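Open the structure in your viewer and keep the selection panel at hand. We will go from one stop to the next, and at each one you can look before reading on.

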Number of protein chains: 2
Amino acid sequence: MTTIRDVAKKAGVSVATVSRFLNGNGYVSQEAATAVKAAVEELNYELNTVARSLTTKKSNLIGLILPDITNPFFPELARAVEDVALTYGYTVVLCNSDEDPKKEKNYIETLKKKYIAGFIVTSNQLDAPHYANLKLPVVALDRVINERIPTVVSNNRQGGFMGAQALVDRGSKNLLFLRGPEEFGSANDRYIGFGEAMEKNSVTYETVFCPFHFAEAEKIVEQYLHDNKDIDGIFASSDVQAAGALKAAHNLGLAVPKDLQIIGFDGISMGEMLTPALTTIAQDIYKMGAIAARVLIKQIEGQPIENFMNEIPVNLVVRGTTKGAVT
Amino acid sequence: MTTIRDVAKKAGVSVATVSRFLNGNGYVSQEAATAVKAAVEELNYELNTVARSLTTKKSNLIGLILPDITNPFFPELARAVEDVALTYGYTVVLCNSDEDPKKEKNYIETLKKKYIAGFIVTSNQLDAPHYANLKLPVVALDRVINERIPTVVSNNRQGGFMGAQALVDRGSKNLLFLRGPEEFGSANDRYIGFGEAMEKNSVTYETVFCPFHFAEAEKIVEQYLHDNKDIDGIFASSDVQAAGALKAAHNLGLAVPKDLQIIGFDGISMGEMLTPALTTIAQDIYKMGAIAARVLIKQIEGQPIENFMNEIPVNLVVRGTTKGAVT
DNA sequence: ATATTATGTGTAACCGGTTACACATTATGG
DNA sequence: CCATAATGTGTAACCGGTTACACATAATAT
């Protein structure tokens, strides 16, 4: 392996000059620069990032902490983060936290020892102590913590409103809202948006808590529909819930969208594979991940960040589980 | 940050002794050991892995190279790799290659500079030159390269046989096999297994190439079914293809499983969300990832590896797209 | 013409570990 | 009882970068 000293010798300068040239700081004469450049090329020199990390106490690693990559919402997020990290020369470490504070803490400790440059975190634990005295750049993704941490989220409130309104516009009179877990801020915002739409319209509605889990959702909805035959529109807080609802409708022999319309939330690719294909409030998941990564890297590199709150617009994707709008 | 020198001073020994104690090699007296242990605890010393890497030219990073985490087969694999890596003290770097040799090469170069401990690779490029002179532990996952590289794959041939046989057992007489991309070894093995089943049974069948892509599969199958009304059983090489086939059947008003039975391959969770739920040859995806990680770590740690070829059994998961077996 | 500032460069210490080697002591063998 | 092997420990070099500091020279100011 060629080292900076080999390059220095070949170029006839000192290691300090080589280092200065490589990092573009300090003074380097034109002559020295060309000599070093030539030597670097000739020797095929590549900088050893481990050695650099040891002195600078920095690395080009970024940690992506998310609950579970297996949850269909996260792969696309991870993909986006990785894509932009790559273009900026960063490497992504994947951390499945299961929302477990112990696991998160463990990851953070381990990675701090590697001089990790920063974290992108999707976790409800973000206000936990192990983040408080973490003196490292952090971006909150899909979760709002406080105004001091840069945040990237969908416009969930608006999405909640849009989904509810879309159901009403399409003639649903008795809505069921599948509300997500209470500890999950984004789900609450969707609920708020839903509520706002309800205030503007004279329809009856009911809200039921439901985990983001297919089989559970299926069970809950099937029971609910069995007891409440008048429901003609379901707005789910996630596509997985919506898939469960659709399944429940099939189980009960309800025609979708004729008897019952369903709208999901997320826009994951599974939605289009269902029959009928799922109408949904689609988040721009890739964009969320991409922006999160870019904001984190800006922080890492000491650039000013314009917006601490990045709210990504959502949009209604109309597919088969809803009827044409009543105009 | 407390260093090994602080510990040495506190324990009244030399840094060499501390290092020996920490790494459990060389001679360390009982006395010295207890003194060091006490000092470590008192000072809350934690070893700096970056510094260690610099001298040892080793790290506890492992690279997971896969085509695209967005493909529903991979998240579970990644999850498994990460889980076992974590328990053995390794950290996973996620690399989406898009099967692009340039990207793979780039990752490999970057990570080698970080003294990465090894790679788990899911790629058709594995016989490419950048892997050939990679003097690092590697495990091939879901792809067979050669008998010198430890490999973890499903028993695809057997799965191909089982799926075809299951269709025949349930009364299908005219089969359509959706064959996966030719450059993809596992898909070919499934095809071979399918062929073996065909030899044992007197049914007619046809094979059509089809990418692992929902919308494409839907289009191809819809066209095919339109032209060949007698098809009463489809065996797809992946669940995503199968979902497309199911959609096509719906589009054409075919009753599944009454008129047309469908079996997929993979066992991803999306399958159970479909209506009817997808019968499939399920791979034990988690197990594949877990074994790959364990085999890699064994290699890294210089332990003997018993099996270079780990073939994970698949199993038939009967759900709604097939009828009860004809007995 | 001299003081000051900007530019350019090299030496050597440092980051925090590992380990070769030299040396000392104790145990074992013949 | 002495040769040899096993056990135990410390010093200092090394891994491959970065950078404080000292020093030299060229440019600009006064």
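The tour below starts with the whole assembly and then moves to smaller selections. Keep in mind that this is a predicted model.

**Stop 1: both chains**

Colour chain A and chain B separately. Turning chain A by 180°, with 0.0 Å of shift along the rotation axis, superposes it on chain B with an RMSD of 0.1 Å. That is the relation of a two-fold axis. To find the axis from chain A, select A:V93: its C-alpha is the nearest to the axis in that chain, at 2.3 Å. The same surface serves both copies, as 100% of the contact residues of chain A recur in chain B.

**Stop 2: the interface**

Now select the residues where the chains touch. You should find 49 residues of chain A in contact with 49 residues of chain B. About 4,100 Å² is buried between the two chains, and carbon and sulfur atoms give 60% of that area. Which three residues of chain A supply more of its buried area than any other three? Show A:R79, A:K113 and A:M273, which together supply 17% of what chain A buries against chain B.

**Stop 3: two helices that cross**

Stay at the interface and select residues 101-113 of chain A, helix α6, together with residues 74-87 of chain B, helix α5. Their axes come within 13 Å and cross at roughly 75°, so α6(A) and α5(B) are roughly perpendicular to each other. Add side chains to see who makes the contact: A:K103, A:N106 and A:Y107 from α6(A), and B:R79, B:E82, B:D83 and B:L86 from α5(B). The residues of this contact comprise 4 charged, 2 nonpolar and 1 polar.

**Stop 4: the annotated domains**

Select residues 2-56 of chain A, which an unreviewed UniProt entry annotates as "domain: HTH lacI-type". This stretch is 71% helix and 0% strand, and its end C-alpha atoms are 20 Å apart. Then select residues 3-31 of chain A, where UniProt places "domain: HTH cro/C1-type", again from an unreviewed entry. Here the chain is 66% helix and 0% strand, with 21 Å between the end C-alpha atoms.

**Stop 5: backbone details**

Most residues other than glycine have a negative phi, and most peptide bonds are trans. With that in mind, visit three loops:

- A:P257, between α11 and β9 of chain A: the peptide bond from A:V256 is cis, with omega near 10°.
- B:P276, between α12 and β10 of chain B: the peptide bond from B:T275 is cis, with omega near -5°.
- B:D98, between β2 and α6 of chain B: phi is positive, near 55°.

How values were computed. Residues are numbered from 1 along each chain as its sequence is written. Chains are lettered from A and ligands numbered from 1 in the order in which they are written. This is a predicted model: local features need pLDDT of at least 70, side-chain atom pairs count only at pLDDT 80 or more; totals for chains, interfaces and linings use all residues. Side-chain values use heavy atoms; hydrogens and water are left out. Axes are lines fitted to C-alpha atoms, for helices over the stretch in contact, and angles run from 0 to 180 degrees between N-to-C directions. Helices (H or I, at least four residues) and strands (E, at least two) are DSSP runs, numbered from the N terminus. Angles under 35 degrees count as roughly parallel, over 145 as roughly antiparallel, 65 to 115 as roughly perpendicular and the rest as oblique. Contact means heavy atoms within 4.5 Å. Ala, Val, Leu, Ile, Met, Phe, Trp, Tyr, Cys and Pro count as nonpolar, Asp, Glu, Lys and Arg as charged, and the others, Gly among them, as polar. UniProt positions are given in the numbering used here, feature names are shortened, and annotations may be inferred rather than shown by experiment. Copies are superposed by least squares on the C-alpha atoms of residues with pLDDT of at least 70 in both. Buried area is the accessible area (1.4 Å probe) that two parts lose on being put together, summed over both.
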